[in-house]
Amino acid sequence: MAEQYIDLNGYYFEDLKVGMQAVVSRTITETDLRNFSGVSGDTNPMHLNEEYAARTPFGGCIVHGMLTASLISAVIGTKLPGPGCIYLSQTLKFMAPVRVGDTVYAVATIRELVPEKHRAIMTTQCLVKGVVVIDGEALIKVPTRNSS
């Protein structure tokens, strides 16, 4: 049987338009937090020790900011532009804490297209209950039809 080629790419640069938007959501669990701590090595008691965290201005444990931010990577890498794109840079401004049990919505919106370099500049945000918890910007290299 002959091997079939399956196109796994997301959008090609030629298909993108300013204003296009995609969202990924996830309810953060205790298991997510513990697994992220193990993989990243970030064992800050602010995330893992309720007794310690209760004495901080947050009044309890908070989710790692980078765990929350990783959902931005999920929306860019799987939905818009999707598979085949290459992350070049990301800025992040952490605005509010996220806690276990919160549902995070990661939103990526194309703000500008740079045709000569096949790049998309995207506004990126993570929201919980309509409140922006992370605000940022991403620069993404997007494949073209004749380069992939």
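**Exercise 1. The sheet**

Work out in which order the strands of the open sheet of this predicted model are arranged, and which strands stand at the edges.

*Solution.* Start with the pairing: 5 strands form an open sheet, with antiparallel pairing and the order 1-3-4-5-2. Now look at the two ends of that order. Strand 1 and strand 2 (86-94) each have a single partner strand, so one side of each is left without a neighbour in the sheet. As for twist, neighbouring strands are turned by 20° against each other on average, ignoring direction.

Next, zoom in on one pair. Strand 3 (103-114) and strand 4 (119-128) pair in the antiparallel sense over 9 bridges. Here I110 stands opposite M122 in strand 4.

**Exercise 2. The core**

Find which elements give two or more residues to the largest nonpolar core, and which one supplies the largest share.

*Solution.* First, get the core itself: the largest one has 30 residues, and L16, I76 and M122 have the most contacts inside it. Then sort by element. Strand 1, helix 4, strand 3, strand 4 and strand 5 (131-141) give two or more residues each. The largest share is 6 residues, and it comes from helix 4.

Now place that helix against the sheet: helix 4 lies across strands 1, 2, 3, 4 and 5, and runs at about 145° to strand 2.

Finally, pick L16 and list its contacts, skipping neighbours within four places in sequence. You get Y11, L80, I110, L113, A120 and V142.

**Exercise 3. The two sides of helix 1**

Sort out which residues of helix 1 (residues 30-40) are buried, and which exposed residues are on the face turned away from them.

*Solution.* Begin with the buried set: D32, L33 and S37. They cover an arc of only 130° around the axis, which puts them on the same side of helix 1. The general rule helps here: an α-helix has 3.6 residues a turn, so residues three or four places apart point the same way. On the face turned away from the buried side, you find the exposed residues T31, G38 and V39.

What does the covering? It includes strand 1 (21-27), helix 2 (45-48) and helix 4 (65-78). Past the end of the helix comes G41, with a positive phi near 80°.

**Exercise 4. A histidine in a loop**

Decide whether H64 is buried or exposed, and list what it touches.

*Solution.* Locate it first: H64 is in the loop between helix 3 (50-54) and helix 4. Its relative accessibility is 1%, and the cut-off for buried is under 20%, so H64 counts as buried. Leaving out residues up to four places away in sequence, H64 touches L33, F36, S37, D42 and H47. Of these, L33 and S37 are among the buried residues of helix 1.

How values were computed:
Residues are numbered from 1 along each chain as its sequence is written. This is a predicted model: local features need pLDDT of at least 70, side-chain atom pairs count only at pLDDT 80 or more; totals for chains, interfaces and linings use all residues. Side-chain values use heavy atoms; hydrogens and water are left out. Buried means under 20% relative accessible area, exposed over 50%, partly exposed in between (1.4 Å probe, protein chains only). Helices (H or I, at least four residues) and strands (E, at least two) are DSSP runs, numbered from the N terminus. The arc is that of the directions from the helix axis to the C-beta atoms. Contact means heavy atoms within 4.5 Å. A nonpolar core is a set of buried Ala, Val, Leu, Ile, Met, Phe, Trp, Tyr and Cys residues joined through side-chain atoms within 4.5 Å. Two strands pair if DSSP finds at least two bridges between them. Axes are lines fitted to C-alpha atoms, for helices over the stretch in contact, and angles run from 0 to 180 degrees between N-to-C directions.
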